[in-house]
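Me: Can you take a close look at one part of this one for me? Pick a single side chain as the way in, then work outwards and keep it connected.

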Amino acid sequence: AFNAGYGICATYTPGHVTGNFDWCEHDEVDGLKAVSVCSECGICGGEPNEGTDIMSAKQPCQGSSATWNAGWGLCPTYESPGVNHAYCHLDSKFGLLAKQVCSECNKCESVLLAKAYVAPAPPTPACQGDSNAFDAGWGPCSSYEPTEANNYYCNQDKDDKMGDLLASAVCAQCGQCI
């Protein structure tokens, strides 16, 4: 019977008081790891046991993985093969084990949803040229109000006396400058 010195296969059941389940991939006897010998680990001979799915057994991570630290490092230090990975089932802070907080332990899944970053709108530029003198042949800046027909042409109409400046760059009524 398998016994790596920490208990028999029955002690590798998920939730067992020994916590041996977390060592299924590490404990070994004569070159055989518990994961390949003990059905309690959920996989034997590389095939999932009937009715057992280790991946779906992951619980949502608890606490704040961004700040949790049992004194040995933040969650990223628990990533395999990190310096703290072997202590996922031991290191505790605020009543929570690393394996319950850090998705890096591969025992819980992060439930944080990435929020889409929406960049702030760039500031509205100052209008250029002389808005009192602008006239592209279709009317003054007041004719480019959103309710006026010329508004559609804000990005096309130019006053030749003002060079390459479009109505949108001169007339605040176009809503593209202030």
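Reply: Let's start at Asp159, which is buried, with a relative accessible area of 2%. Keep in mind that this is a predicted model. Asp159 has a partner in Lys161, and the closest N and O atoms of that salt bridge are 3.4 Å apart. The lysine end looks quite unlike the acid end: Lys161 counts as exposed, at 68% relative accessibility.

Now step back to Asp157, in the loop between S8 and H3. What does this acid do for a salt bridge? Asp157 has none, even though it is buried, and the nearest side chain of opposite charge, Lys158, is 10 Å away. With the salt-bridge cut-off at 4 Å between a side-chain nitrogen and a carboxyl oxygen, that lysine doesn't make the list as a partner for Asp157.

So what does Asp157 touch, once residues up to four places away in sequence are set aside? Its contacts are Phe134, Ala136, Trp138, Tyr144, Leu165, Leu166 and Ala167. Several of those names come back in the largest nonpolar core, which has eleven residues in all and includes Phe134, Tyr144, Leu165 and Ala167. Also in that core are Cys141, Cys154, Met162, Ala169, Val170, Cys171 and Cys174.

Cys171 is a handy place to look at this core from another side. Leaving aside its neighbours within four places in sequence, Cys171 is in contact with Phe134, Cys141 and Tyr144, along with Cys127 and Cys177. Phe134 and Tyr144 therefore turn up in the contacts of Asp157 and in those of Cys171, with the cut-off for a contact being heavy atoms within 4.5 Å.

Those two rings deserve a closer look. There are four aromatic pairs in the whole structure. One of them is Phe134 with Tyr144, an edge-to-face arrangement with 5.9 Å centre to centre and 70° between the planes. Both residues sit in the loop between S8 and helix H3 (167-170), so their pairing ties together parts that are ten residues apart in sequence. Are the two rings buried or exposed? Phe134 is buried, at 1% relative accessible area, and Tyr144 is buried too, at 0%.

Compare that with Tyr152 and Tyr153: their ring centres are 5.1 Å apart and their planes meet at 85°, so this pair is edge-to-face as well. The setting is another matter, since Tyr152 is exposed with a relative accessible area of 64% and Tyr153 counts as partly exposed at 35%.

Back to charges for a moment. How many salt bridges does the structure hold? Two. Besides the one between Lys161 and Asp159, Lys99 forms one with Asp22, where the closest N and O atoms are 2.6 Å apart. Lys99 lies in helix H2 and Asp22 in the segment before strand S1 (28-29), so this bridge ties together parts that are 77 residues apart in sequence. The acid is again a buried one: Asp22 has a relative accessible area of 13%. Lys99 is partly exposed, at 22%.

A positive charge also turns up over a ring: Lys93 lies over the face of Phe94, at 5.2 Å from the ring centre. Phe94 sits in the loop between S6 and strand S7 (96-97) and counts as exposed, with 71% relative accessibility.

Phe94 brings us to the backbone. Most residues other than glycine have a negative phi, and most peptide bonds are trans. Phe94 goes against the usual sign, with a positive phi of about 55°. Asn106, in the loop between H2 and S8, also has a positive phi, of about 65°, and is partly exposed at 44%. As for the peptide bonds, a cis one joins Ser80 and Pro81, with omega about 5°. Pro81 is placed in the loop between strand S5 (59-60) and strand S6 (92-93).

To sum up the way in: Asp159 is buried and has a salt bridge to Lys161, whereas Asp157 is buried and has none.

Key. Residues numbered from 1 in each chain as written. Predicted model: local features only at pLDDT ≥ 70, side-chain atom pairs only at ≥ 80, totals over all residues. Heavy atoms only, no water. Phe/Tyr/Trp six-rings, centres within 6.5 Å; stacked < 30°, edge-to-face > 60°. Helix = DSSP H or I, 4+ residues; strand = E, 2+ residues; numbered from the N terminus. Buried < 20%, exposed > 50% of the residue type's maximum accessible area, 1.4 Å probe, protein only. Lys NZ or Arg CZ within 6 Å of the ring centre and 35° of its normal. Core = buried A, V, L, I, M, F, W, Y, C linked by side-chain atoms within 4.5 Å. Lys, Arg positive; Asp, Glu negative; His and termini not counted.
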